[in-house]
Every structure is written in structure tokens, then in C-alpha cells.
Amino acid sequence: MKLAVLNPGGKDPRQDFADGPGAPDERAHPPVSGHGFAACTNGTFFRKDQEIPADQKEALVLLRHDLKASRQAMVELRGEGKTVAIAWKEAGAQQIAEQLSKPAALQLFQEICQRADGAIATTPDLVPFFTAAGVRHVEFIPTPYPLEDSRWNFATPIEERRGIFVGTREFKVSSRNHLAALLVVRQLAASMFETVTVINDDGWRGRRLLARLGYDERLLKVIEGRLSYPRYMKLLARHKLVWQLDGSGVPGQVAGDALLARVPCVGGNGTTERLVFPDLCGHGRDAEQLFDIAARLLEHPHDCEAVIQRAEEIAKDKLAFAAVAKRLETFFGRIGR
């Protein structure tokens, strides 16, 4: 099965994954999130339903703020005899709540759910949500990562790693707890004299906030603007650990990126965090407990090797391309008409 993943009217161009994830490319979208579902099946990512070939019978339509476009695409594809499942493009609890805040949007979402052949929940919390909205077949399938492909292993030797990388970015999104993460980790950085690296993609507003956090200027490294995915991953991989306090309930790309870099990820309640870093994640833990976990890993860097080894073993069964591709094929076989 080669899955067609459709983001109706989205900005990302058509991308063929006949070579699976391919090699890291400065210009191409990485094989993560919705692109990951296409890549793990050697499928294709589309932005127009008219581009999907007739012989590509299974399609996953991503739901975004323009639900009318998603509904129209689903109607067209089902009319062509394709098996069509749906999934949220932005699957955090707060993100979905904002997109369905208007009665008309909620009604449209329920209509889409009742028409779809099935739904993929990229977080466990979305399973009852889809079911209650009228989807007949719902399955939790986490977004995949190309762990088996050596081209996507960004690991650097442990002895070459320095400092702490803050995995979140958005000051404006309250559920990310980005400001809190920076404040808490400041104490850790000062006590252990570890540099904290943060990406600022909020221009002068972000710089003003960062300047008021009270960091020793020697301990805060600010990267201005967004980096291409390969450059971002190489930067992340040079750190001892990734730190976050994200409470958004997202699929968990921060932890997924950390996994590809073979760096422990401390904090966050996303799906990937819960699955592959169960002893480090923020689910059921407060900031003080996470602080202690991060301190222990910094004091005993070789414990990181055991953490990563366990994470890879878990991910091989739950998040690797081969594992998710098999689940997708089984799922579409079951919902096929």
C-alpha cells in the first residue's frame, strides 16, 4: 500500500516518497507528521485531490482550519471509490478546540466524521473524540519516524555534547509553557554551569523577553530565526539533553526530533514523549521532578546511553517506519469498502 496523504489547499507542495524518507534535504519537508505517514508507505503527499492517481486507492485527508476544503476533498475521493480516512493536521487539544470554537465549524467536523471511512488519532486522547463525533472506525496510530534509515540518524558522540536545548519556541502559546521552561532551566544551568540554547523566531519581541529572564550572558545561547530541518537537527544533536514543559497534548515532534538525534528528552506530555521517554516525560510529573531528572542526567552523562537505548527499543516497535506502515496497511484493509 502506497498511502496518499492530502492536505487540501495547504502550502506544502506535492512530495513523492518513492525512496521512503529519502536523504535530509535543506529544501524538502522532512518525513515527519503527515509527511511521515506518506513516507513510511513509500506514498505521496498532496495538496490537491485532483493530483492523486486513480490507482492510489487509500487516502488520508488532513483536517485543518479550512474544513470545507477537507469535506469537499473527501467527497470527491470517496466518489472515486477510494478508502478515505481523516486525521487532524494540528492535533494538540488546544489547537483543535480553537478550530472548532464556532458552531458552524463543529457541525462541519461532525459531518466529515460521519462521511469518513475511518479516522487516525495521532494522540490517544483523540480516539473517544472521533468516536463521539460519528467516525465508525478509529485507531490510535502515532506519527512515525525513520529510525531504521541511517541517513536520519543525527547522533553525535556523547563526549562532544554540550549544554541543554530548549525544545519549544512559542512564547504566545500558553500551553507550551515556553517561558516557564526557560525560567526553570535557568536554575539548573547556573548550578551546573551548562549553556542553554533556545531558538527565537519571534523577532524583537522574543529578544526582549529573553533579555528579561535574568540569565548569565555566558549561559544563554540564542539562535535567531528558523533553521532548515537538517541544520536544526544537527544543532539539537550537539546537546546533552532536550528540555521542555509543553502541556499541549500534541503528537510530540519535540521528542521525535530528540529521538532522531539520540538525545534524551525531559518533560512534555506529547504522545512521543509518553511512548519512548516514559521515565523522563512530563505526564504525571511536576516541574520540580523534571528538574531533578535533568540534573541527574547531566551529572551522570553515561545514563543517557541507557535512556536512548531503551527509547530506541520502544520506538522500533511503536514509531519506526516499518512498524507504522504495517499498522496503516492493516487499518486501511479493515476500513476498506
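A pocket, on a 1 Å grid over the protein atoms alone, is an open set of points with protein on both sides within 12 Å along at least five of seven lines, and its lining residues have an atom within 4 Å of a point. Grid points are joined across faces, edges and corners, and a volume is the space filled by probe spheres set on those points.

Before you start clicking: this is a predicted model, where local features need pLDDT of at least 70 and side-chain atom pairs count only at pLDDT 80 or more, while totals for chains, interfaces and linings use all residues. Residues are numbered from 1 along each chain as its sequence is written, and side-chain values use heavy atoms, with hydrogens and water left out.

**Stop 1: the second largest pocket.** Select Asn-7, Gly-10, Lys-11, Asp-12, Arg-64, His-65, Lys-89, Glu-90, Gln-95, Glu-98 and Gln-99, which line this pocket. About 260 Å³ of space lies there. The lining has no nonpolar residues, 5 polar and 6 charged (Asp, Glu, Lys and Arg count as charged; Ala, Val, Leu, Ile, Met, Phe, Trp, Tyr, Cys and Pro as nonpolar; the others, Gly among them, as polar).

**Stop 2: the largest pocket.** Now pick Ser-33, Glu-90, Arg-176, Arg-226 and Gln-253, which lie nearest the centre of the largest pocket among its 46 lining residues. This one holds about 1,300 Å³ of space. Helix α1 (33-39) gives the most to the lining, with 4 residues. Helices and strands here are DSSP runs, H or I of at least four residues and E of at least two, numbered from the N terminus.

**Stop 3: strand β4.** Select residues 58-63. Of these 6 residues, 5 are buried (under 20% relative accessible area with a 1.4 Å probe, protein chains only), so β4 is largely enclosed by the rest of the structure. Strands pair if DSSP finds at least two bridges between them; β4 pairs in the parallel sense with β1 (residues 4-6) over 3 bridges, and with β5 (residues 83-88) over 6, also parallel. Look for Ala-59 facing its bridge partner Val-84 in β5.

**Stop 4: the rings.** There are 9 aromatic pairs (rings of Phe, Tyr and Trp, using its six-membered ring, with centres within 6.5 Å; planes under 30 degrees apart are stacked, over 60 edge-to-face, the rest tilted). Show Trp-88 and Phe-109: this pair is tilted, 5.3 Å centre to centre with 35° between the planes. Trp-88 sits in β5 and Phe-109 in helix α4 (residues 103-115), so the pair ties together parts 21 residues apart in sequence.

Terms used:
Buried < 20%, exposed > 50% of the residue type's maximum accessible area, 1.4 Å probe, protein only. 1 Å grid on protein atoms, 1.4 Å probe; cavity = no way out; pocket = protein on both sides within 12 Å on 5 of 7 lines; lining within 4 Å.
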